[in-house]
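Here is a short report on one structure. Look over the sequence and the model, then read on.

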Amino acid sequence: MASKSPVIETDSLTKVYGTFRAADRISLTIQAGEIFGLIGPNGAGKSTLIKMLTTLLPPTSGSARVAGFDLVADAAHVRAHIGYVPQLLSADGALTAYENLLMSARLYAIPRVIREERIATALKRLDLSASADKLVQSYSGGMVRRLEIAQSMIHEPDVLFMDEPTVGLDPVARRNVWMHIRELRDRLGTTILLTTHLMDEAGELCDRLGVLNAGRLQSVGTPGDLEAVVGPDATLDDVFAVMTGADLNPERASDNVQHSCDSDHSPA
Amino acid sequence: MGRVAAYLTQIQAVADTEIRKLRHDPGELYTRALQPLIWLLLFGEVMAQVKGLNSSGGSYLEFLAPGILAQSVLFAAIFYGIAAIWERDLGVLHRYMVSPAPRSTLVLGKAISSGVRGLTQAIVVYALAFLLGIKLSFSPVDIFGVAALICIGSALFSTFSLIIACIVKTRERFMGIGQVLTMPIFFASNAIYPIDIMPRWLHVISSLNPLTYEVDGLRNLMLADGTSKYGLWLDFGVLFAVTAVLVAIAARMYPRLTQ
Ligand SMILES: Nc1ncnc2c1ncn2[C@@H]1O[C@H](COP(=O)(O)OP(=O)(O)O)[C@@H](O)[C@H]1O
Ligand SMILES: [Mg+2]
């Protein structure tokens with residue numbers, strides 16, 4: 001792992017919609033080369049935090065530095081150093097994979113002399129070379145995700161933000177995406193901030209986790225740290241249940257009748 | 001990459017993407033050819049019987065053809081706002097917005113692709129007009145002038161549409177307001193009748209309407225013996241100035257769509 005230096009540093013970062021605090025005074029430090037997972041129920045504010053950190057959403061208050069630049073004052077520089085895989089499948093279905101990558105390469109003003117090679121390498125790394133000239137609307141979910149990773153890495157950013165990168169994928173495709181995420185970190189030292197509500201993904205893929213609930217960052221630590229806080233034999237499911245007031249196991253939900261993991265936890 | 005080269009490449013990223021999509025699926029171009037056909041054949045032939053509709057001496061169809069060209073360009077361009085909302089809903093727009101491309105390059109890229117769409121409309125209208133026996137000017141300078149007018153008019157109205165999309169933000173609301181805006185732009189212009197026969201208040205509105213200047217320029221350049229009321233300098237000047245202002249506004253507002 002690269003030397004310890006913060007790549008993401010937020011200080012009381014807050015987003016308020018009307019009177020509703022979607023992200024509430026979040027202070028978080030993420031080191032270079034970490035794979036950091038944000039977990040929390042639907043409506044916890046995961047996407048809101050990621051949208052602020054990718055400059056899509058202006059914070060209501062607080063501040064942050066991303067890749068060494070101030071999030072608000074230096075947004076254009078932040079954008080040049082980050083990649084983003086949105087929660088929605090954002091690759092353009094009406095274009096081929098090659099064309100999607102060409103568009104990204106141009107948006108990031110990658111010089112023409114290295115552009116084609118970059119695109120070809122990206123396609124190869126993410127096992128898309130054979131389908132490069134097919135329209136993306138014919139792709140499987142896993143292929144679209146891999147294309148999106150290729151697109152968001154075309155400029156070799158310092159930080160990659162991924163909002164629920166494996167949602168809707170079958171277990172094989174999911175593990176395949178994990179493999180590519182690890183490969184990125186190992187090869188380029190990319191710092192990765194992802195959100196998930198799959199506890200196996202959180203435990204296996206992430207170096208550290210942050211638990212978000214109702215806009216507040218409840219706890220931060222390695223999966224092992226978080227489990228230890230909750231109890232000697234606790235699993236991440238237990239951590240999730242205790243820290244967010246939800247229970248992932250319906251059979252054991254008797255002491256938690258009010259909540260279930262399927263319900264939307266947005267505060268009334 | 002130098003700043004200027006980067007800026008142009010970023011415009012190209014958006015414009016070329018749109019043009020590639022048109023090439024993959026050109027269906028919309030054919031369906032869009034129907035509207036001008038209907039206007040010229042049905043509306044044109046009937047209204048040609050009405051006296052007083054034509055101040056310029058030629059036939060009414062001749063008067064109408066540039067108006068219908070401007071109309072088909074307007075209707076194609078107004079589609080851009082809803083396309084932007086659509087792109088937001090799909091997540092495609094997020095990809096633009098997290099990139100370091102200046103927002104003005106994104107707006108200009110869309111404007112240019114709208115110009116390309118407009119040019120395909122022009123080819124259709126020229127073909128129809130030719131078949132209907134309208135005397136067109138085929139001098140290279142005039143053709144180039146028409147192409148320039150089409151591009152700038154498309155850029156203007158697509159950017160206007162983008163601004164509306166940034167304000168209303170949802171497809172449903174855009175559908176509602178899109179109709180409400182397009183009709184007055186079209187009818188409160190010189191597209192299908194001369195401004196001189198309008199009541200005073202409408203006359204004023206029409207002379208503030210950019211479409212009027214587009215049609216005016218087209219009447220001069222498209223027809224073999226065309227004339228313009230305001231002069232080409234004013235026509236181009238108004239269209240350029242309004243487009244520049246709209247692009248500046250749209251570049252500021254575009255990020256709102258993904259918030
Ligand atoms: N544009 C918005 N206006 C008002 N409320 C919003 C808006 N976007 C998100 N929210 C609310 O903010 C809360 C957090 O949303 P989000 O960050 O998407 O949660 P998560 O990604 O953790 O599921 C939710 O309750 C959501 O309804
Ligand atoms: Mg979310």
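Is B:Thr159 buried or exposed? B:Thr159 is buried, because its relative accessibility is 2% (buried means under 20% relative accessible area, exposed over 50%, partly exposed in between, with a 1.4 Å probe and protein chains only). B:Thr159 sits in helix H7 (residues 140–168) of chain B. Among its contacts are B:Val107, B:Ala111 and B:Leu246 (contact means heavy atoms within 4.5 Å).

This is a predicted model, where local features need pLDDT of at least 70, side-chain atom pairs count only at pLDDT 80 or more, and totals for chains, interfaces and linings use all residues. Residues are numbered from 1 along each chain as its sequence is written, chains are lettered from A and ligands numbered from 1 in the order written, and side-chain values use heavy atoms, leaving out hydrogens and water.

Next, the metal site. The magnesium ion (ligand 2) has the protein donors A:Ser47 (OG) and A:Gln87 (OE1), 2.0 to 2.4 Å away. Donors are N, O and S atoms within 2.8 Å of the metal (3.2 Å for Na, K and Ca); water is not among the atoms, so sites may look incomplete. The two residues are 40 apart in the chain.

| Donor residue | Relative accessibility | Class |
|---|---|---|
| A:Ser47 | 21% | partly exposed |
| A:Gln87 | 35% | partly exposed |

Chain A has domain 1 (6–221) and domain 2 (224–268), with bounds from an automatic or database domain assignment. Their contact takes 17 residues from domain 1 of chain A and 13 residues from domain 2 of chain A.

Methods
Helix = DSSP H or I, 4+ residues; strand = E, 2+ residues; numbered from the N terminus. Lists of a residue's contacts leave out its neighbours within four places in sequence.
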